[in-house]
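Biologist: I'd like to learn how to read a protein model. Please take me through it one feature at a time.

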Amino acid sequence: KYEKATQGEKRKSISDYERGSETKGKRSNIDADAEEFFQALRDTQFTKGTAMQLVRITKKIFVPGHRAGWIRGSKHPVTLFYRKAFSEAVRRFRERHQLHREGKSSIDCCILSGQSGIAKSVAFLLMYIKVALKNDEKVAFYSVPEGILYCIYVENGTVKCSTSVVTPLTFHSEEWKSFDSTSTHLVVDPENGFGHLNVNVTKAFVVVASSPNKEWKQFEKLLKAG
């Protein structure tokens, strides 16, 4: 079961970035960059605006996620703009997550659906992750366009992250099972489908941003398949 909310220079992929790094063929460099970003995201305070909330990360930083418009070396700080409606959606989704965690609700998935260009991926999903990390909760961020799963957690105030390439076996693996739980958030950014996502073998609370048409219908089929 699920709950749905509706809101009226191309970045390099992880594989491109890895090929161009000094540690070619190793994931450690990507993990460290992801940790740096998620730590900054967790620790940076919101700046309230009239119609938006802002998060400004002042240092040059790599931003995970295929649709993020920034790469290391940018001359500008990272500024994420959050619509107030996104704040309300995060609050409601987290209420559902808490009920799921306590075993008080059969709803284990929430979907934010809206047209392209409203910043579902580079604002809403990152905002949801920020709030979860601020509460020291585990987050798995599945970037379908990159084919990468970021497993993120907080240890004594320090963000840790490990990345892996997603395959049909990922959500059946021992590594995933050790990270997966009803308290874990599984945040999904789709692209023309949901990759190897398997919601029927996960305990995590699933949060998805999707288009209101094709992707939304594909996700409905994914849920019904279980």
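Modeller: Let's start with aromatic rings. Rings of Phe, Tyr and Trp (for Trp, its six-membered ring) count as a pair if their centres lie within 6.5 Å; planes under 30 degrees apart are stacked, over 60 edge-to-face, and the rest tilted.

Biologist: How many aromatic pairs does that rule give here?

Modeller: The count comes to nine aromatic pairs. Take Phe171 and Trp176: their ring centres are 5.2 Å apart and their planes sit at 80°, so this pair is edge-to-face. Then there's Trp176 with Phe179, where the centres are 6.3 Å apart and the planes at 40°, so that one is tilted. Also, Phe37, Phe38, Phe141 and Tyr150 form one aromatic cluster.

Biologist: Before we go on, what sort of model is this?

Modeller: It's a predicted model, so there are confidence cut-offs: local features need pLDDT of at least 70, and side-chain atom pairs count only at pLDDT 80 or more, while totals for chains, interfaces and linings use all residues. Residues are numbered from 1 along each chain as its sequence is written, and side-chain values use heavy atoms, leaving out hydrogens and water.

Biologist: Back to those rings: are Phe171 and Trp176 buried or exposed?

Modeller: Here's the scale: buried means under 20% relative accessible area, exposed means over 50%, and partly exposed is in between (1.4 Å probe, protein chains only). Phe171 and Trp176 are both buried, with Trp176 at 2% relative accessibility. Phe179 is buried too, at 10%. Across the protein, buried residues make up 50% of the 226 residues.

Biologist: How do I read a helix?

Modeller: Helices (H or I, at least four residues) and strands (E, at least two) are DSSP runs, numbered from the N terminus. This protein has six helices and ten strands. Here's a handy idea: an α-helix has 3.6 residues a turn, so residues three or four places apart point the same way. In our case, Trp176 and Phe179 are three residues apart in helix α5 (residues 174-179), which puts about one helical turn between them.

Biologist: What span should α4 have, and what does the model show?

Modeller: The expected span of a helix is 1.5 Å times one less than its number of residues. For the 15 residues of α4 that gives 21 Å, and the end C-alpha atoms are 20 Å apart, which agrees. Of those 15 residues, 13 are buried, so α4 is mostly covered.

Biologist: What happens to phi just after α4?

Modeller: Some background helps: most residues other than glycine have a negative phi. Just after α4, Asp136 takes a positive phi of about 60°. Asp136 lies in the loop between α4 (120-134) and β6 (139-143), and at 45% relative accessibility it is partly exposed.

Biologist: What does Glu137, in the loop between α4 and β6, touch?

Modeller: Contact means heavy atoms within 4.5 Å. Leaving out residues up to four places away in sequence, Glu137 touches Arg94, His97, Arg101, Ala132, Ile152 and His185. At 9% relative accessibility, Glu137 counts as buried. Now for polar contacts: these are pairs of N or O atoms within 3.5 Å; within protein, one atom must be able to donate a hydrogen and the other to accept it, and residues adjacent in sequence count only if both atoms are side-chain atoms. The side chains of Glu137 and His185 are joined by one of 2.7 Å.

Biologist: How should I read paired strands?

Modeller: Two strands pair if DSSP finds at least two bridges between them. β6 and β7 run antiparallel, joined by five bridges, and Tyr142 stands opposite Leu149 in β7. Their hairpin has four residues between the strands, and Gly147 there takes a positive phi near 70°.

Biologist: Which way do β7 and β8 run, and how many bridges join them?

Modeller: They're antiparallel, with eight bridges; Tyr150 stands opposite Thr163 in β8. β7 and β8 form a hairpin with two residues between them, and Asn156 in the turn has a positive phi of about 55°. Asn156 is exposed, with a relative accessible area of 81%. By contrast, six of the eight residues of β7 are buried, so β7 is largely enclosed by the rest of the structure.
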